[in-house]
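Please open the structure in a viewer and keep the selection tool at hand. The tour below proceeds by selections, each followed by a description of what is found there.

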Amino acid sequence: MFSHSARLLAALSLCVSTSLWAQAPAQAQAPAQKAQTPAQKAPAFKPVTVNGKAIPKSRLEFIVKQRATQGQPDSEETRKAILDNLITQEVVAQEADRKGLAKTADVRAQLELMRQQVLVQALIQDHLKAHPVKDEEMLAEYNKVKASRGDKEYKARHILVDKEAEANEIIAQLKKGGKFEDLAKQSKDPGSKDKGGDLDWNPPGTYVKPFADALAKLEKGKYTETPVQTQFGWHVIQLDDVRPMQFPPYDTVKQQLSTRMQEQEVQKFVGELRAKAKIE
């Protein structure tokens, strides 16, 4: 659904998140409801140096903040565990520097990628903060999607073949008493041919227009007596049943809708940046 740029942003965001969690002990997976407990006064930060190099307070606070978004409370025990991890990382990183590993081509490339990942994530957050998805926009999108789905769902079967003559022959066999499920075995649709052509329950908007139009005109239990042509080939369609459309309430999909619309906003933003960029 997304462009290459949007998928890249999502991947980079995931990498940043994963790298942060790689520093966390198992207790970081605390239930989200704990994040709603009253804020406690953060324990005083005691400066720590490793071989003379200080571990900045900002580094500790950043990780504490990240964990808080995942539901882990800010406590003295948590901060000690984080600081202990930071000390270990500093010791190991210093040894890597001593060996000159930071100057190798592969490590330099990885460091540059991580720098870009952090910047990309920061820009995405900054943009979404300046362009939040509003409730009225989400409701409008919900109503638009709901309207496009229609008020009915159809349980249909189909047999897809390459030539109109093949479809006409199938219709002739149906008129002679042939079973749709048996004839469906010759369909070139791999997803339904072994299920008697069954397409399960779907609204008309799920299908391409010629298919949807033919389906909507059928009576329950009937099949198309004229082959239906789409870009996929020739169809013989049978309508098994019809029922009122089952559409989820707005409140149950609001969060998913918000996420999707944020992704669309980021995709649009990145597209605009690429359009303005000089790419040679």
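## The sheet, from one edge

Select strand β5 (residues 228–230) together with β6: three bridges join the two strands, which run antiparallel. The model in view is a predicted one. β5 and β6 form a hairpin, with two residues between the strands. To see one of the pairings in detail, display V228, whose bridge partner in β6 is H235.

Next, extend the selection to strand β3 (residues 152–161). It pairs with strand β6 (residues 233–244) in the antiparallel sense, over 10 bridges. Two positions along this pairing may be labelled: H158 stands opposite I237 in β6, and Y154 has V242 in β6 as its bridge partner.

Now add strand β4 (residues 198–202), which pairs with β3 over three bridges, again in the antiparallel sense. Y154 serves as a guide here as well, for its bridge partner in β4 is N202. K155 has W201 as its bridge partner in β4.

With these selections shown together, the sheet can be viewed as a whole. In what order do the four strands of the open sheet stand? The order is β4-β3-β6-β5, and the pairing is antiparallel. β4 and β5 stand at the edges, each with a single partner strand, so one side of each has no neighbour in the sheet. From one strand to the next, the twist averages 40°.

Helix α6 (residues 164–175) should be selected next. This helix packs on the sheet and touches β3 and β6; the direction of α6 makes about 50° with that of β6.

## Inside strand β3

Return to β3 and colour the strand by accessibility. Is β3 largely enclosed or largely open? Nine of the 10 residues of β3 are buried, so the strand is largely enclosed by the rest of the structure.

Within strand β3, centre the view on K155. Leaving aside residues up to four places away in sequence, K155 touches D198, D200, W201, Q238, L239, D240 and D241. A further residue to display is V242: K155 and V242 are 87 residues apart in sequence, yet 6.3 Å apart in space, C-alpha to C-alpha.

## Helices α2 and α3

Leave the sheet and turn to pairs of helices. Two packed helices are described by the angle between their axes and the distance between the axes.

Select helix α2 (residues 57–68) and helix α3 (residues 76–98). Their axes come within 10 Å and cross at roughly 125°. α2 and α3 are therefore oblique to each other, and their crossing is right-handed.

To show the contact, display the following side chains:

- from α2, R59, L60, E61, I63, V64 and R67;
- from α3, T78, R79, I82, L83, N85, L86 and E90.

The residues of this contact of α2 with α3 divide into six nonpolar, two polar and five charged.

## Helix α9 and its partners

Select helix α9 (residues 250–276) with helix α5 (residues 135–149). The two axes come within 10 Å and cross at roughly 105°, which makes α5 roughly perpendicular to α9. The contact is made by D135, E137, M138, L139, E141, Y142 and V145 of α5 and by Y250, V253, K254, L257, S258, R260 and M261 of α9. Sorted by class, the residues of the contact of α5 with α9 are eight nonpolar, one polar and five charged.

Keep α9 selected and replace α5 with helix α4 (residues 105–130). α4 and α9 pack at an angle of about 115°, with their axes 11 Å apart. These two helices, α4 and α9, are therefore roughly perpendicular to each other, and α4 passes α9 in a right-handed crossing. The residues to display are L123, I124, H127 and L128 of α4, along with Q262, E265, V266, F269 and L273 of α9. The contact of α4 with α9 has six nonpolar, two polar and one charged residues.

## The whole chain

Finally, clear the selections and show the entire chain. The chain has nine helices and six strands. Of its 280 residues, 32% count as buried. Among contacts in the chain with a separation of 6 or more, residues 24 or more positions apart account for 72%.

Conventions
Residues numbered from 1 in each chain as written. Predicted model: local features only at pLDDT ≥ 70, side-chain atom pairs only at ≥ 80, totals over all residues. Heavy atoms only, no water. Buried < 20%, exposed > 50% of the residue type's maximum accessible area, 1.4 Å probe, protein only. Pairing = 2+ DSSP bridges. Axes fitted to C-alpha atoms, helices over the stretch in contact; angles between N-to-C directions. Parallel < 35°, antiparallel > 145°, perpendicular 65-115°, else oblique. Left-handed = near helix turned anticlockwise from the far one by under 90°. Contact = heavy atoms within 4.5 Å. Nonpolar A, V, L, I, M, F, W, Y, C, P; charged D, E, K, R; others polar.
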